[in-house]
Amino acid sequence: MTYTPPKVWTWDAESGGKFANINRPIAGATHDKDREIGRHPHQLYSLATPNGVKVTIMFEELLAAGHTDAEYDAWLINIQEGDQFSSGFVEVNPNSKIPALFDETNGVRIFESGAILLYLAEKFGAFLPTDPKARVETLNWLFWLQGSAPYLGGGFGHFYAYAPEKFEYPINRFAMETKRQLDVLDRRLAEAKYLGGDDYSIADMATFPWYGALVQNQVYEAAEFLDVASYKNVNRWVDDIAARPAVVRGKMVNKAWGDEDQQLRERHDASDFDTQTWDKIKPVDAE
């Protein structure tokens, strides 16, 4: 059936789809709730989606590299329940998207995952080259990811996995773009070990949670459909990064689904990975 757009679009709250209950055409808070504040310098409000995982990987990598001042509290924001529309969250991120970070040491709020990675890299002098050419190349790929991932998630992922009905045109359109992006990555990783060059950087931390999850068939169940195994250099890069202990930890933080021993719903201390996973603290009446 062909759709004819009206002259003026109006909001249909019953539009359907997995995230229809939280999507709306207006900004701002829907309810009052102060943001939670822990004892560490950095307060992260997030969920273990690909955008959220970028930042928790960065924090865990910083700590693994000896930057003890990078300690953080990670608070779970349940986007299906609308936590991102609380007044406290909106004060940190007026766009009501995870992740959002508040630096208690200087009173700075940082939102948008790429901005958070860049902020932390510059604050700690880590995972961003100082050589001008290497720095620019790293930033090229960081911003490539920030512009490309919406086509993967909001485009391909939405129409292939989440839309209430499947239509050939949008699936083909975004499958083609996703495969083009995978080819871009594959060609880059044929000439360099990491996206920025010889060294692991925030460009890899930003890109891995999206395209790594796709290649590992952890999102959209589309690995076979997209023939991800054919991108040999991407697969090599994914395997390399996935094996990093800080990446393993970062993927667990603010996770509220999947294997219970891999869910660290809140993170307030390094010891929480051993003592506070959901399999250990799950209430007896929890679903």
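Q: Which residue with a positive phi follows α8?
A: In this predicted model, helix α8 covers residues 245-252. Look just past that helix, in the loop between α8 and α9. The residue there with a positive phi, near 60°, is Asn254.

Q: Is Asn254 buried or exposed?
A: The cut-off to keep in mind is that buried means under 20% relative accessible area. Asn254 has a relative accessibility of 0%, so it counts as buried.

Q: Which residues is Asn254 in contact with, leaving aside its neighbours within four places in sequence?
A: Asn254 sits in the loop between α8 and α9. Setting aside those sequence neighbours, its contacts are Leu44, Ser46, Leu47, Ala48, Thr56, Ala74, Trp75, Leu76, Leu264, Arg265 and Glu266.

Q: Which helices do the buried residues of α8 pack against?
A: Start with the buried residues themselves: in α8 they are Ala246, Val247, Gly250 and Met252. Their packing partners are α1 (50-64), α6, α7 (232-242) and α9 (272-275).

Q: Are α4 and α6 roughly parallel or roughly perpendicular to each other?
A: Two packed helices are described by the angle between their axes and the distance between the axes. Helix α4 (residues 132-162) and helix α6 (residues 202-215) pack at about 25°, and their axes are 8 Å apart. Angles under 35 degrees count as roughly parallel. That's why α4 and α6 are roughly parallel.

Q: How many nonpolar, polar and charged residues are in the contact of α4 with α6?
A: On the α4 side, the contact takes in Thr138, Trp141, Leu142, Trp144, Leu145, Ser148, Ala149, Leu152 and Gly153, and these meet Ile202, Ala203, Ala206, Thr207, Trp210, Tyr211 and Leu214 in α6. Sorted by class, that contact has 12 nonpolar, four polar and no charged residues.

Q: Are α6 and α7 roughly parallel or roughly perpendicular to each other?
A: The axes of α6 and α7 are 10 Å apart, and the packing angle is about 110°. Angles of 65 to 115 degrees count as roughly perpendicular. So the answer for α6 and α7 is roughly perpendicular.

Q: What is the handedness of the crossing of α6 and α7, left-handed or right-handed?
A: This is the pair that packs at an angle of about 110°. The crossing of α6 and α7 is left-handed.

Q: Which residues of α6 and α7 make the contact between them?
A: By class, this contact has seven nonpolar, three polar and one charged residues. From α6 come Asp204, Thr207, Phe208, Gly212 and Val215, and from α7 come Val234, Asn235, Trp237, Val238, Ile241 and Ala242.

Note on methods: Residues numbered from 1 in each chain as written. Predicted model: local features only at pLDDT ≥ 70, side-chain atom pairs only at ≥ 80, totals over all residues. Heavy atoms only, no water. Axes fitted to C-alpha atoms, helices over the stretch in contact; angles between N-to-C directions. Helix = DSSP H or I, 4+ residues; strand = E, 2+ residues; numbered from the N terminus. Parallel < 35°, antiparallel > 145°, perpendicular 65-115°, else oblique. Contact = heavy atoms within 4.5 Å. Nonpolar A, V, L, I, M, F, W, Y, C, P; charged D, E, K, R; others polar. Buried < 20%, exposed > 50% of the residue type's maximum accessible area, 1.4 Å probe, protein only. Left-handed = near helix turned anticlockwise from the far one by under 90°.
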